[in-house]
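Please walk through the predicted model shown here, taking the helix packing, the core and a few local details in turn.

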Amino acid sequence: MFYLFSKIPFHGRYTFTASSPTQKLCLLRKFPFSLMSSEPISTNANQHSDVVLFLINSCGLSSKSALLASNKVHFETPEKPSLVHGFLKNHGFSQTQISKIIEKFPRVLLCNPEKTLFPKFEFFRSLGFSSSDLAVIIYTSPELLKLGLKSKIVPNFKALEELLKSKDKAMAAIKRVPIIIYNNIEGTVATLRGHGVPDANIAMFIQRWPRLYRSSPEEFNKTIEVVKKIGIHPMRAHFIIAIVALTANGKTLWEKKVNLYRSWGWSEEQVIAAFAKCPWCMVASEGKISALMDFFVNKMGWEASIVAERPFLFSHSLEKRLLPRASVIQFLLSKGLLEQKVSMVAGMFRCQDKVFKQKCLTSLKDEPELLKLYVDKLDVR
């Protein structure tokens with residue numbers, strides 16, 4: 001159901017096989033010359049080996065990581081890579097951070113430190129980022145260094161600052177999730193605003209799900225139109241959650257989740273209705289869906305249709321909220337202190353923690369074991 005939502009052999013007594021120039025060169029160095037062919041070692045193989053040795057000896061990569069990285073970066077002399085290594089070191093990066101940056105983004109070694117790296121560092125420092133901030137940000141997301149300063153970094157920061165109404169908040173967002181600066185923030189904000197989405201909800205989307213708005217503007221607009229056709233109003237926070245659900249799942253995973261709900265007795269119509277009410281039911285992982293359906297149907301004794309009518313339950317954590325509260329709720333039910341109505345019980349799962357404690361715990365002074373039961377369950381989690 002997705003009708004709504006239309007990656008040389010060696011000669012002698014032995015034969016060896018090598019799959020890459022580096023492995024061939026290693027074999028040539030390891031075994032006696034009497035076992036080799038008379039063919040000369042290629043210049044490319046020598047250069048490749050020099051790259052691997054530089055990555056190991058100067059950059060601190062493991063042999064395995066160096067071999068993998070050497071397939072993505074090539075240089076005849078270590079002059080420029082040494083300058084990059086020195087640049088990072090002089091800007092407060094530890095050897096461990098430098099190694100990880102090169103491992104994740106080997107082509108950084110080909111950058112011109114003065115023309116490419118320095119201007120980006122200066123821009124971030126001019127905003128107020130410290131050397132330690134930059135080290136952590138680039139260590140976390142080193143490919144940030146390949147972004148154009150004027151074409152990507154500056155306009156994205158300005159768009160983020162304008163959306164959050166604060167430079168400090170924009171900086172804090174980048175510190176939390178550095179990849180936020182990779183994307184077309186200005187275009188995404190303009191698109192969502194054009195559909196009537198409030199800035200507060202756009203800010204939530206930009207900061208919490210930065211990987212999900214990297215699709216083409218056309219695809220992003222199609223997803224938004226689907227959400228609108230389902231009947232979710234752009235002013236609601238659920239509008240953003242629905243976009244997240246459709247984008248993160250894709251057709252295959254969406255259909256798997258629909259089939260999972262159907263295995264518990266839901267119809268396709270119930271799935272769509274539940275999604276329209278609370279899209280979190282399709283953001284939840286397959287494992288969480290199975291665990292929650294098992295809890296409500298087999299532990300709480302509810303009909304599957306009752307759960308379908310209350311999809312907000314899938315926005316809560318089983319371990320941190322539902323199980324601890326269930327212990328208290330079952331205690332109250334056994335004592336006749338809570339009505340057996342599903343609406344009443346579901347409401348106890350939904351209400352804020354402060355309200356739950358006020359209703360179920362502090363108001364029942366004659367049941368001291370109740371608070372202990374709830375706290376013990378939370379501690380176990």
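In this predicted model, helix α13, residues 237-263, and helix α16, residues 286-299, have axes that come within 10 Å and cross at roughly 10 degrees. Angles under 35 degrees count as roughly parallel, and α13 and α16 are therefore roughly parallel to each other. On the α13 side, the residues that meet α16 are Leu 253, Lys 256, Lys 257, Leu 260 and Tyr 261. Their counterparts in α16 are Glu 286, Ile 289, Ser 290 and Met 293. Sorted by class, this contact has 5 nonpolar, 1 polar and 3 charged residues. As a general point, an α-helix has 3.6 residues a turn, so residues three or four places apart point the same way.

Helix α13 also takes part in the nonpolar core. The largest such core has 117 residues, and the members that touch the most other members are Phe 205, Trp 266, Phe 296, Trp 302 and Phe 349. The largest share of this core comes from α13, with 12 residues.

Phe 205 can be followed further through its neighbours. With residues within four places in sequence left aside, Phe 205 is in contact with Thr 188, Leu 192, Pro 210, Leu 212, Tyr 213, Phe 220, Ile 240, Ile 243 and Val 244. One of these, Ile 240, is found in helix α13. Ile 240 has a relative accessible area of 0% and is therefore buried. Along the chain Ile 240 and Phe 205 are 35 residues apart, while their C-alpha atoms are separated by 6.6 Å. Not counting residues up to four places away in sequence, Ile 240 touches Leu 192, Val 197, Asn 201, Met 204, Phe 205 and Trp 209. Leu 192 is thus named among the contacts of Phe 205 and among those of Ile 240.

Other buried positions can be read in a similar way. Ala 66 lies in helix α3, residues 63-70. Its relative accessibility is 0%, so Ala 66 counts as buried. Leaving aside neighbours within four places in sequence, Ala 66 is in contact with Val 52, Leu 55, Ile 56 and Leu 61. Ala 66 and Ile 102 are 36 residues apart in sequence, and the C-alpha to C-alpha distance between them is 9.4 Å.

Next comes helix α7, residues 131-140, in which Asp 133, Leu 134, Ala 135, Ile 137 and Ile 138 are buried. Which elements cover these buried residues of α7? The cover includes α5 (95-104), α6 (113-127) and α9. Within helix α6 sits Phe 124, which is buried with a relative accessible area of 3%. Not counting residues up to four places away in sequence, Phe 124 touches Phe 129, Leu 134, Leu 144 and Ile 153. Of these contacts, Leu 134 is one of the buried residues of α7. Phe 124 and Val 154 are 30 residues apart in sequence and 9.5 Å apart in space, C-alpha to C-alpha.

Is Lys 165 buried or exposed? At 57% relative accessibility, Lys 165 counts as exposed. Lys 165 is placed in the loop between α8 (149-164) and α9 (167-176). Its backbone has a positive phi of about 60 degrees, although Lys 165 is not a glycine. For comparison, most residues other than glycine have a negative phi.

Further along the chain, Ile 272 lies in helix α14, residues 268-277. Ile 272 is buried, with a relative accessible area of 14%. The C-alpha atoms of Ile 272 and Met 282, 10 residues apart along the chain, have a separation of 9.8 Å.

The last topic is the cysteines. How many disulfides are there? The count comes to 0 disulfides, where a disulfide requires a pair of cysteine sulfur atoms within 2.5 Å. For Cys 278, the closest cysteine sulfur is that of Cys 281, and at 6.4 Å it is too far for a bond. Cys 278 counts as buried, at 4% relative accessibility. Cys 111 is also buried, with a relative accessible area of 12%.

Notes: Residues numbered from 1 in each chain as written. Predicted model: local features only at pLDDT ≥ 70, side-chain atom pairs only at ≥ 80, totals over all residues. Heavy atoms only, no water. Axes fitted to C-alpha atoms, helices over the stretch in contact; angles between N-to-C directions. Helix = DSSP H or I, 4+ residues; strand = E, 2+ residues; numbered from the N terminus. Parallel < 35°, antiparallel > 145°, perpendicular 65-115°, else oblique. Contact = heavy atoms within 4.5 Å. Nonpolar A, V, L, I, M, F, W, Y, C, P; charged D, E, K, R; others polar. Core = buried A, V, L, I, M, F, W, Y, C linked by side-chain atoms within 4.5 Å. Buried < 20%, exposed > 50% of the residue type's maximum accessible area, 1.4 Å probe, protein only.
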